[in-house]
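Here are my notes on the structure, set out as numbered points. Please read them with the sequence and the structure open beside you.

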Amino acid sequence: MTEVAVERRSKDRRRSLLNGCVYYADGKISLDCTVRDIGEGGVRLRFFGPPLLPHDFEFRLVERGVRRRARRVWTSDREIGVAFV
């Protein structure tokens with residue numbers, strides 16, 4: 001029997017391949033990432049290695065000059081799901 005993925009997001013997201021950056025520790029630490037999908041309420045980010053991030057941080061979408069407070073919702077091998085706060 002095959003499991004069916006259940007969509008838990010309340011808003012739609014679009015696939016993307018944009019440059020992003022995560023900042024924490026009062027902006028002293030930053031990690032580059034790739035935005036794999038994006039929507040009004042959050043993003044899915046892919047990192048070059050395991051993402052060791054705090055629960056809350058600042059997300060910047062480099063190409064668009066967007067800055068948002070964000071919260072980690074889930075984590076997998078090299079990706080995290082993020083909700084904007």
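1. In which sense do strand β4 and strand β5 pair, and over how many bridges? The model is a predicted one, and in it β4 (residues 56-61) and β5 (residues 66-75) pair in the antiparallel sense, over six bridges. To find the pairing on screen, start from D56, whose bridge partner in β5 is R71.

2. The turn between these two strands can be examined next. The hairpin of β4 and β5 has four residues between the strands. One residue to look at there is G65, which takes a positive phi near 65 degrees.

3. β5 also pairs with strand β6 (residues 79-84), in the antiparallel sense and over five bridges. Three residues form the connection in the hairpin that joins β5 to β6. Across this pairing, T75 stands opposite I80 in β6.

4. The loop between β1 and β2 deserves a check of its backbone angles. As a rule, most residues other than glycine have a negative phi. A25, in the loop between β1 and β2, has a positive phi, near 60 degrees. D26 is found in that loop too, and its phi is also positive, near 55 degrees. Are A25 and D26 buried or exposed? A25 counts as partly exposed because its relative accessibility is 39%. D26 has a relative accessibility of 76%, over the 50% cut-off, so D26 counts as exposed.

5. Now consider S16, which is found in strand β1 (residues 13-24). Why does S16 count as buried? Its relative accessibility is 13%, and the cut-off for buried is under 20%, so S16 falls on the buried side. A polar atom of the S16 side chain lies 2.7 Å from the backbone oxygen of V35. Neighbours within four places in sequence aside, S16 is in contact with V35, R36, D37 and I38.

6. Where is the largest nonpolar core drawn from? This core has 17 residues, and those with the most contacts inside it are V22, V35, V43, L45, F57 and F59. At least two residues of the core come from each of β1, β2 (29-39), β3 (42-46), β4 and β6. In soluble globular proteins, nonpolar side chains tend to be buried together.

7. L45 is a useful residue from which to explore the surroundings of the core, being among those with the most contacts inside it. Sequence neighbours within four places aside, L45 is in contact with V22, C33, T34, V35, F59, R78, E79, I80 and V82. The list includes V22, V35 and F59, which are themselves named among the core residues with the most contacts.

8. A charged residue can also be buried. R44 lies in strand β3 and is buried, because its relative accessible area is 16%, with the cut-off at 20%. What does the side chain of R44 make a polar contact with? The partner is the side chain of E79, at 2.9 Å.

9. The last point concerns aromatic rings. One aromatic pair is found in a search of the whole structure. Separately, look at the ring of Y23: R60 lies over its face, at 4.0 Å from the ring centre.

Methods. Residues are numbered from 1 along each chain as its sequence is written. This is a predicted model: local features need pLDDT of at least 70, side-chain atom pairs count only at pLDDT 80 or more; totals for chains, interfaces and linings use all residues. Side-chain values use heavy atoms; hydrogens and water are left out. Two strands pair if DSSP finds at least two bridges between them. Buried means under 20% relative accessible area, exposed over 50%, partly exposed in between (1.4 Å probe, protein chains only). A polar contact is a pair of N or O atoms within 3.5 Å; within protein, one must be able to donate a hydrogen and the other to accept it, and residues adjacent in sequence count only if both atoms are side-chain atoms. Contact means heavy atoms within 4.5 Å. Rings of Phe, Tyr and Trp (its six-membered ring) pair if their centres lie within 6.5 Å; planes under 30 degrees apart count as stacked, over 60 as edge-to-face and the rest as tilted. A charge sits over a ring if NZ of Lys or CZ of Arg is within 6 Å of the ring centre and within 35 degrees of the ring normal. A nonpolar core is a set of buried Ala, Val, Leu, Ile, Met, Phe, Trp, Tyr and Cys residues joined through side-chain atoms within 4.5 Å.
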